Amino acid sequence: MASQEDVFKKLVSHCKEYGFVFPSSEIYDGLAAVYDYGQNGVELKNNIKKYWWDSMVLLHENVVGIDAAIFMHPTTWKASGHVDAFNDPLIDNKDSKKRYRADVLIEDLIAKYDEKIDKECEKAAKKFGDSFDREMFCATNGRVKEYVEKRDAIHSRFVNAMEANDLAELKQIIVDNEIVCPISGTKNWTDVRQFNLMFSTEMGSTADGAMKVYLRPETAQGIFVNFLNVQKTGRLKVPFGICQIGKAFRNEIVARQFIFRMREFEQMEMQFFVRPGEELKWFEHWKQFRLRWHKALGLGDEKYRFHDHEKLAHYANAATDIEFQMPFGFKEVEGIHSRTDFDLSSHEKYSGKNIKYFDPEINQSYTPYVIETSIGVDRMFLSIMSAAYCEEQLEGGDSRVVLKLPPVLAPIKACVMPLVKKDGLPEKAREILNSLKFDFKCSYDEKDSIGKRYRRQDAIGTPFCITVDHQTIEDNCVTIRYRDTMLQERVEIDKLHSIIADAVNMKNLFKKIVNQ
Ligand code: ATP
């Protein structure tokens with residue numbers, strides 16, 4: 001069996017080969033951690049965004065959207081804390097000259113121990129069957145006990161160091177645990193330093209004195225500074241939410257894992273404003289709603305888990321990540337944070353404007369508390385692609401690569417193919433395409449054998465192939481071929497629209513989210 005690493009490599013090249021994701025400015029050898037979406041990628045990405053946007057604004061009458069600018073007044077980032085505290089602890093290996101995030105090196109080490117513990121437990125579970133008790137096993141088996149103790153010791157030192165912002169201790173953890181640079185294999189490390197992740201540029205002509213502005217590192221602040229604009233003009237009552245999709249920029253130190261960690265990426269964020277004291281109830285509500293949104297896609301419930309934060313940001317009183325099982329382990333796709341009244345209060349302080357809400361029901365004025373849900377479009381894209389990518393061995397020694405994308409997200413919903421390029425079949429195929437194209441993104445393919453054409457569509461995840469043959473001209477029926485099962489069926493042309501519509505209608509997912 002191919003290792004997960006191999007699968008990931010194949011996925012990355014598949015994304016390029018089939019027009020999903022290209023390295024940015026590739027003719028100049030690319031730009032690290034910046035990517036472009038190709039003709040199929042952009043369709044998938046747009047569908048993800050639509051799924052998210054509609055799930056917010058259609059399913060909730062008290063959630064509305066905005067589209068704020070990327071540039072914001074520089075004081076925004078003072079108020080949000082990004083100028084002073086949006087830092088990553090970085091460390092360099094003196095031999096390879098490679099730069100790493102110190103916290104990531106330590107987290108990776110902890111994950112290695114977790115993997116070892118899991119492996120031992122799996123082995124033992126197989127051996128002992130139903131009577132296996134993981135907790136007892138971890139507490140008594142000599143080897144596992146040692147792993148657990150080591151893991152816990154590193155973990156607690158790490159949490160304390162992060163909490164105290166103790167950079168020397170972070171380095172000491174790396175030294176004590178003999179963490180080596182994956183490139184040079186040496187332990188020749190620099191000290192750990194803080195590094196601000198915001199990109200800056202200048203606005204205005206230099207003659208008048210240019211102003212230093214930042215490329216926003218998150219979309220959230222565009223929502224906070226517009227809180228009163230939206231609340232007043234929309235006559236919205238707490239609780240209500242404002243959502244936004246847009247680009248964000250971070251000068252990530254360790255750019256790796258393809259589109260998982262990019263320097264320019266896209267976020268889908270929602271800030272939900274609630275009465276002080278009610279935030280934890282809403283935090284739980286949104287946690288569950290967001291998980292249902294993910295699961296409704298049908299990529300496999302076991303691929304998701306919550307990871308509650310032990311180290312809370314200074315402004316948060318609860319935080320969790322939704323993690324997805326990527327080929328390189330469970331990783332954060334979305335963050336859900338209870339941000340208290342930190343942002344609105346801080347903007348009130350820095351702007352000198354009153355940013356309070358008068359609650360007519362309790363006759364009180366207050367600064368609302370905030371629950372944030374924040375998901376990266378690109379990470380979501382990667383999680384869907386990694387769950388969908390499938391290499392299948394077929395009968396007769398043949399094989400195929402198929403993207404089992406949820407049909408609702410597939411870039412192309414149906415491909416119409418005349419069996420041959422003559423006898424009026426192309427014309428008939430075009431007629432069918434024209435009848436479907438107002439509702440569904442469809443394609444037309446008449447090149448090569450039908451088998452090859454099916455494979456091309458499998459590789460980009462097209463759920464339906466529709467073949468027009470000589471009999472079609474006589475009986476108005478076509479062969480519809482289903483991507484996942486490869487089953488073929490003869491259906492009337494008039495039925496095509498409803499077959500496709502049933503499979504790709506977002507309404508079906510929304511019903512799942514709401515009714516669960
Ligand atoms: P990480 O710990 O992985 O750096 P984060 O906790 O800093 O992520 P948040 O600030 O909570 O991330 O951002 C919310 C979401 O935005 C993340 O869950 C992720 O999906 C996405 N995101 C953040 N940074 C990046 C990036 N560099 N590239 C792609 N997506 C990102």
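**Entry 1: terms and a first residue**

I take strands as DSSP runs of E, at least two residues long, numbered from the N terminus. The model I am reading is predicted. I went first to Thr340, which sits in strand β13. Its phi is positive, about 50°, although Thr340 is not a glycine. I marked that backbone for a second look.

**Entry 2: the seven-stranded sheet**

Next I traced the sheet that holds β13. The strand order is β3-β9-β10-β16-β13-β12-β11. This sheet of seven strands is open, and its pairing is mixed. Which strands are at the edges? I found β3 (63-65) and β11 (304-308) there, each pairing on one side only. On average, neighbouring strands are turned by 25° against each other, direction ignored.

I then checked what packs on this sheet. Helix α11, residues 279-295, does so. I listed its contacts as β3, β10, β11, β12 (318-326), β13 (329-340) and β16 (369-376). The direction of α11 makes about 150° with that of β13.

**Entry 3: β9 against β10**

I looked at one pair inside the sheet. Strand β9 covers residues 240-249 and β10 covers residues 264-274. They run antiparallel, and 10 bridges join them. I picked out one partnership: Lys247 has Glu266 in β10 as its bridge partner. As a reminder to myself, strands of a sheet pair through backbone hydrogen bonds.

Just ahead of β9 I checked a proline. Pro239 lies in the loop between α10 (227-233) and β9. The peptide bond leading into Pro239 from Val238 is cis, with omega near 5°.

**Entry 4: the ligand**

I moved to the ligand. How many residues surround the ligand? I get 16, and the closest are Glu252, Arg261, Met262, Glu332 and Val333. By class, the shell has seven charged, five polar and four nonpolar residues.

I asked which strands supply the shell. β10, β13 and β16 each give at least two residues. β13 gives the most, with five. So much for strands.

Then I went through polar contacts. A polar backbone atom of Met262 is 2.8 Å from a nitrogen atom of the ligand. For Phe260, I read 3.4 Å between a polar backbone atom and a ligand nitrogen. Gln267 uses its side chain: a polar atom there lies 3.3 Å from an oxygen atom of the ligand. On its own, the ligand has 600 Å² of accessible area, and the protein covers 84% of that.

**Entry 5: the three-stranded sheet**

Last, I looked up another open sheet. Three strands run in the order β5-β4-β6, with antiparallel pairing. Why do β5 (99-101) and β6 (193-196) each have one side without a neighbour in the sheet? Both stand at the edges with a single partner strand, so one side of each is left without a neighbour. From one strand to the next, the twist averages 50°.

I checked the β4 to β5 pairing too. Three bridges join β4 (residues 87-92) to β5, and the two run antiparallel. One of the pairs I noted puts Leu90 opposite Arg101 of β5 as bridge partner. Helix α5, residues 102-128, lies across β4 and β5. I read its angle to β5 as about 65°.

Definitions and conventions. Residues numbered from 1 in each chain as written. Predicted model: local features only at pLDDT ≥ 70, side-chain atom pairs only at ≥ 80, totals over all residues. Heavy atoms only, no water. Pairing = 2+ DSSP bridges. Helix = DSSP H or I, 4+ residues; strand = E, 2+ residues; numbered from the N terminus. Axes fitted to C-alpha atoms, helices over the stretch in contact; angles between N-to-C directions. Contact = heavy atoms within 4.5 Å. Near = heavy atom within 4 Å. Polar contact = N/O pair within 3.5 Å; in protein donor to acceptor, adjacent residues only side chain to side chain. Areas by Shrake-Rupley, 256 points an atom, 1.4 Å probe, with all protein chains shown as cover. Nonpolar A, V, L, I, M, F, W, Y, C, P; charged D, E, K, R; others polar.
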